[in-house]
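Here's a quick walk through one protein model, meant to be read with the structure open beside you. Grab your viewer and follow along.

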Amino acid sequence: MANTLIELQNIKKIFQVGGGFLGSGSKDLIAVNNISFKIEEGQTYGLVGESGCGKTTTAKMILMLENPTEGTIIFNDQDVFEASKTDPEYKKKYKSSVQAVFQDPWASLNPRMRVRDIIGEPLEINTDMTKKQIRSRVDELLVEVGLQAYQSNLYPHEFSGGQRQRLGVARALSLNPRLIILDEPVSALDVSIRAQIMNLLVDLQKEYNLSYLLIAHHLATVRYMCDKMGVMYLGNLMEEANATDLFDDPLHNYTRALMSAALPSHPDIVRDDEIILEGDVPSPLNPPPGCVFQPRCLNQSKCTCSKTPPSLKEMKPNHMVADCKCCTTYAGSKLKKA
């Protein structure tokens, strides 16, 4: 059984929006609302959901680019934010262990720097390696991601989109991280290139025993890469399960609608199970009381959680779902509290 590398415990993030002098009259925007999940060593955890549901904000808190308003992040059995307060070196060590590959491979690379400097910069800042050692390590990383060592002398604009994303992966690998945040790593690439990058990430994971947090809209990418996944809606975690189980048997109505919106595997396939949700996603400045999905639920007239927010409960082994009787498909099983 794999060990837990990182665990988010009841994480909440509130931004202050608007207001006048010294913040008077400002409103609370709840970007992430009391979510918890674990990422195991050597495995991939996927976060899916509509734009603005809190996926990237969650990733920013893991990367220590944002501080959580409430909750705890445990990495390798240590409280990340508490340890960084007492140990000045801990934050540097943690950030070396947790790296990111971003969505746009062009925007994430400095166009004025050569590849050897882009990939070598983290090594120069965080290690005592000599310039010769850094140059050798950069060459190794380029070969590792499917490029050539001589290309270290080139600039980002001299590479294709897929090659630039390989450079981003090489930079993320430079400090030998244990966890890599993949924020839409293939969405900006041509379809013909996506599979190459996904296969590269899977191969590197096996070689280095890496853990990934994959944030994506493209469900086929999530299904191919993820061991476990969570579904977010308006800052809340609505369902969590092993990827295969969640795709084969989604329990929450929002998850089912999300799955039905995905394109079929072949253009000749006619879908007869599409679920159309009415209305729009509520504003995070004024979320509905109780179940946040209730205003768009197919069975809202029968809703029993319009005032009390539902909690995640285990319906099947390792399959958690928001305990909202109208929004959840029950298969005659009795939910037990996790």
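What share of the contacts in the protein chain with a separation of 6 or more comes from residues 24 or more positions apart? The figure is 63%. Keep in mind throughout that this is a predicted model.

## The chain as a whole

Let's start with the overall tally. The protein chain has 10 helices and 12 strands. Of its 338 residues, 46% are buried.

As for the outside, the chain exposes about 17300 Å². Carbon and sulfur atoms supply 48% of that exposed area.

## A four-stranded sheet with a helix across it

Now look at the open sheet made by 4 strands, which line up in the order S2-S1-S4-S5 with antiparallel pairing. Strand S2 (27-40) and strand S5 (78-79) sit at the edges, and each has a single partner strand, so one side of each is left without a neighbour in the sheet.

Further in, strand S1 (residues 4-17) and strand S4 (residues 70-75) run antiparallel and are joined by 5 bridges. If you want a spot to zoom in on, try Leu-8, which stands opposite Ile-73 in S4. Helix H1 (residues 55-62) lies across S1, S2 and S4, and its direction makes an angle of about 115 degrees with S1.

## Two loop residues with positive phi

Two residues around this sheet are worth a click for their backbone angles. Met-64 is in the loop between H1 and S4. Its phi is near 65 degrees, a positive value in a residue other than glycine. Is Met-64 buried or exposed? Met-64 has a relative accessible area of 8%, and the cut-off for buried is under 20%, so Met-64 counts as buried.

Asn-76 belongs to the loop between S4 and S5. Here too phi is positive in a residue other than glycine, with a value near 55 degrees. Asn-76 has 40% relative accessibility, so it counts as partly exposed.

## Helices H4 and H5

Next up is a helix pair. In general, two packed helices are described by the angle between their axes and the distance between the axes. For helix H4 (residues 115-126) and helix H5 (residues 131-144), the axes come within 9 Å and cross at roughly 115 degrees. The crossing of H4 past H5 is right-handed.

Which residues meet where H4 and H5 come together? From H4 there are Val-115, Arg-116, Ile-119, Gly-120, Leu-123 and Glu-124. They meet Ile-134, Arg-137, Val-138, Leu-141 and Leu-142 in H5.

## Lys-316 and its two aspartates

Last stop: Lys-316, found in strand S11 (residues 312-316). With 22% relative accessibility, Lys-316 counts as partly exposed. Leaving aside residues up to four places away in sequence, Lys-316 touches Asp-245 and Asp-249.

What kind of contact does the side chain of Lys-316 make with the side chain of Asp-245? This is a polar contact, at 3.2 Å. The side chain of Lys-316 also makes a polar contact with the side chain of Asp-249, at 2.6 Å. Along the sequence, Lys-316 and Asp-245 are 71 residues apart, while in space they are 9.8 Å apart, C-alpha to C-alpha.

Notes:
Residues are numbered from 1 along each chain as its sequence is written. This is a predicted model: local features need pLDDT of at least 70, side-chain atom pairs count only at pLDDT 80 or more; totals for chains, interfaces and linings use all residues. Side-chain values use heavy atoms; hydrogens and water are left out. Two strands pair if DSSP finds at least two bridges between them. Contact means heavy atoms within 4.5 Å. Axes are lines fitted to C-alpha atoms, for helices over the stretch in contact, and angles run from 0 to 180 degrees between N-to-C directions. Buried means under 20% relative accessible area, exposed over 50%, partly exposed in between (1.4 Å probe, protein chains only). A polar contact is a pair of N or O atoms within 3.5 Å; within protein, one must be able to donate a hydrogen and the other to accept it, and residues adjacent in sequence count only if both atoms are side-chain atoms. Accessible areas come from the Shrake-Rupley method with a 1.4 Å probe; for residues, only the protein chains shown count as cover. A crossing is left-handed if the near helix is turned anticlockwise from the far one by less than a right angle, and right-handed if clockwise.
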